[in-house]
Amino acid sequence: METIIILDCGSQYTQLIARRVRELNTYCEIVPFNKFPADRRDIIGVIISGSPFSVNDPQACQIDLTQLRGRYPLLGVCYGAQYLASQAGGKVESADTREYGKALLVSHDDSDPLMHGVRDNSVVWMSHGDSITDTPDSFHNVGSTADVRNAAFRIDGEQTWGLQFHPEVYHSEDGMVILSNFVKNICGSRQDWTPDSFIESTVSQLREKLGDDKVVLALSGGVDSTVAAVLLNRAIGKNLTCIFVDNGLLRYHEFEDVLRSYTADMGLNVIGVDAKEHFYKALEGVTDPEKKRKIIGKGFIDIFDREAKKLDGIKWLAQGTIYPDVIESLSITGMTIKSHHNVGGLPEKMSLKLVEPLRLLFKDEVRRVGRALGISPTLIGRHPFPGPGLGVRILGDITPEKVRILQEADHIYIQGLRDYGLYDKVWQAGTILLPIRSVGVMGDERTYENVVALRAVNSTDGMTATWSHLPHDFLADVSNKIIRKVRGVNRVVYDISSKPPSTIEWE
Ligand code: XMP
């Protein structure tokens, strides 16, 4: 499969380069800067990423350019460009004024294959402390900003370019023109990597890899495990058994609704396990959030293991691991620093082989594949939901009664978001049951009951988030409904904290 390799020198933008290349329907992989897979025959181009290091630092990432220059179309971005220049005998110096943020591309060579079609004075995004102050004769300038003469260059006689700015960052107005020139015109990508082609090739690879073997998969109700299951089901049908565990900490009627849709709509072979009591018992009296998480995680592994052992001849465990998890597992030196599985500890415990059909996809790509597989838009568009579920949204100890209260209040909130057309406008929403009571009055009676907090945030990846400015009418309506309908709640508050410093979940 035509592949562009992105050599990762540790920039915060490396994943963004990959996503942009994939938006051009071209498959690409991120590999550590010193792990270029020189023996592969499917590589059509290479991009060297930015880096937190200066090329002059002793610990700067050293790349073997003899494997790259003149062999593949090559694009150095920021550090990548500075590295190309410094290795060829040019000068890279600490800039007097640290270039950061928006700059204008005041001139460029429109006849250059990389820069063709870029508008004059278009904004480019700079983010570096160094500048290329001198280049060898073979370097040919193809773009400048007011402060940086060598903003873009080409090495004569080669398909090698360097850019001081970041074309992958959204602020670079014509960044996609440049990346498209590189991917399509210079590397010659056929641009045929689409959800449908991914499904077709993955299904055939899975058939080949798994043969007649039996596979077990844990469904969570979330997007990743569902898409993984539907793909595997397409490949091996009834040889896939899915296990869906009700840990008693799912949302209102979620277990029943999702189980029905797994079997009736998607035709999956699913065993639904009601393990509510097991979890409630294990969690009795536990208030420490990390302890709760551990108990819920272990409870899941125990139940899953117990159910899987009842099945005959299982050889593989399938997981919905996605690409960001895989990349995070690799440090830029190529060493595994942490193993990152959705269901930590399972493969070791069960001594099964691991199959991860989504391990090369970003989240938005998983959604696109899911849609192409015909999975319902409601399921594909679901907000993220933490693995320990309502367990981390009931502050303090967990009881079945608290779960009931939270499920009912949350259901009114989430249904309200859908009814008001707000659900898809927020990234994640949820309700939290606080460990305090407050005084209220209902009719003639004084009440002393629970408080719930509503949370809604806008985010792209959950790393940072701002609280959503939901309309007051909506909040008023939801608050009224919750207090009227949910026995045990007499007060509703709205969380107006952003992350950082406040996390999305409350514990
Ligand atoms: P925080 O609370 O750290 O949440 O701002 C960021 C994102 O991670 C989710 N989250 C979890 N997901 N297990 C999970 O699988 C957990 O223990 C957990 N804690 C937080 C949270 O819902 C948000 O999307």
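Let me start with helix H2, residues 79–87, where seven of the nine residues are buried, namely Tyr79, Gly80, Ala81, Gln82, Tyr83, Leu84 and Ala85; buried here means under 20% relative accessible area, exposed means over 50%, and partly exposed lies in between, with a 1.4 Å probe and protein chains only. Helices and strands are DSSP runs numbered from the N terminus, a helix being H or I over at least four residues and a strand being E over at least two. Just after H2, Gly89 takes a positive phi of about 100°.

Before I go on, please keep in mind that this is a predicted model, in which local features need pLDDT of at least 70 and side-chain atom pairs count only at pLDDT 80 or more, while totals for chains, interfaces and linings use all residues. Residues are numbered from 1 along each chain as its sequence is written, and side-chain values use heavy atoms, with hydrogens and water left out.

As for the chain as a whole, its secondary structure comes to 14 helices and 18 strands, and its C-alpha atoms fill a box of roughly 85 × 60 × 40 Å along the principal axes. Of its 507 residues, 55% count as buried. Taking a contact as heavy atoms within 4.5 Å, 73% of the contacts between residues at least 6 apart in sequence join residues at least 24 apart.

Now to the enclosed space. A search of the whole structure finds three cavities of 30 Å³ or more, and the largest cavity holds about 70 Å³. On a 1 Å grid over the protein atoms alone, a cavity is a set of points where a 1.4 Å probe fits but cannot get out, a pocket is an open set with protein on both sides within 12 Å along at least five of seven lines, and lining residues have an atom within 4 Å of a point. Grid points are joined across faces, edges and corners, and a volume is the space filled by probe spheres set on the points.

Which residues line the largest cavity? They are Arg22, Asn25, Trp193, Thr194, Pro195, Phe198, Leu361, Glu365, Arg368 and Val369. Helix H4 (195–210) and helix H11 (363–372) are the elements that give two or more residues to this lining, and H11 gives the most, with three. By class, the lining has five nonpolar, two polar and three charged residues, where Ala, Val, Leu, Ile, Met, Phe, Trp, Tyr, Cys and Pro count as nonpolar, Asp, Glu, Lys and Arg as charged, and the others, Gly among them, as polar.

One of these lining residues, Leu361, sits in the loop between S14 and H11, and Leu361 counts as buried because its relative accessible area is 1%. Leaving out residues up to four places away in sequence, Leu361 touches Arg22, Trp193, Phe198, Ile322, Tyr323, Pro324, Val366 and Val369. Leu361 and Tyr323 are 38 residues apart in sequence, yet 5.0 Å apart in space, C-alpha to C-alpha.

H4 returns in the second largest pocket, which has a volume of about 400 Å³. Of the 19 residues lining that pocket, Thr202, Gln205, Glu356, Pro357 and Leu360 are the closest to its centre. H4 gives the most to this lining, with six residues, and the lining has nine nonpolar, four polar and six charged residues.

Turning to the ligand, the residues around it, meaning those with a heavy atom within 4 Å, include Arg293, Trp427, Lys499 and Ile504. A polar contact is a pair of N or O atoms within 3.5 Å; within protein, one must be able to donate a hydrogen and the other to accept it, and residues adjacent in sequence count only if both atoms are side-chain atoms. An oxygen atom of the ligand lies 2.5 Å from a polar side-chain atom of Arg293, while 2.7 Å separates a ligand oxygen from an N or O atom in the side chain of Lys499. A polar backbone atom of Ile504 is likewise 2.7 Å from an oxygen atom of the ligand.

Lys499 is also joined to Pro500 by a cis peptide bond, with omega about -10°, and the bond from Pro500 to Pro501 is cis as well, with omega near 5°. Pro500 is found in the segment after strand S18 (489–494).

I will close with Ser172, in the loop between strand S9 (160–163) and helix H3 (175–186). Is Ser172 buried or exposed? Ser172 counts as buried because its relative accessibility is 4%, and a polar atom of its side chain lies 2.9 Å from the backbone nitrogen of Trp125.
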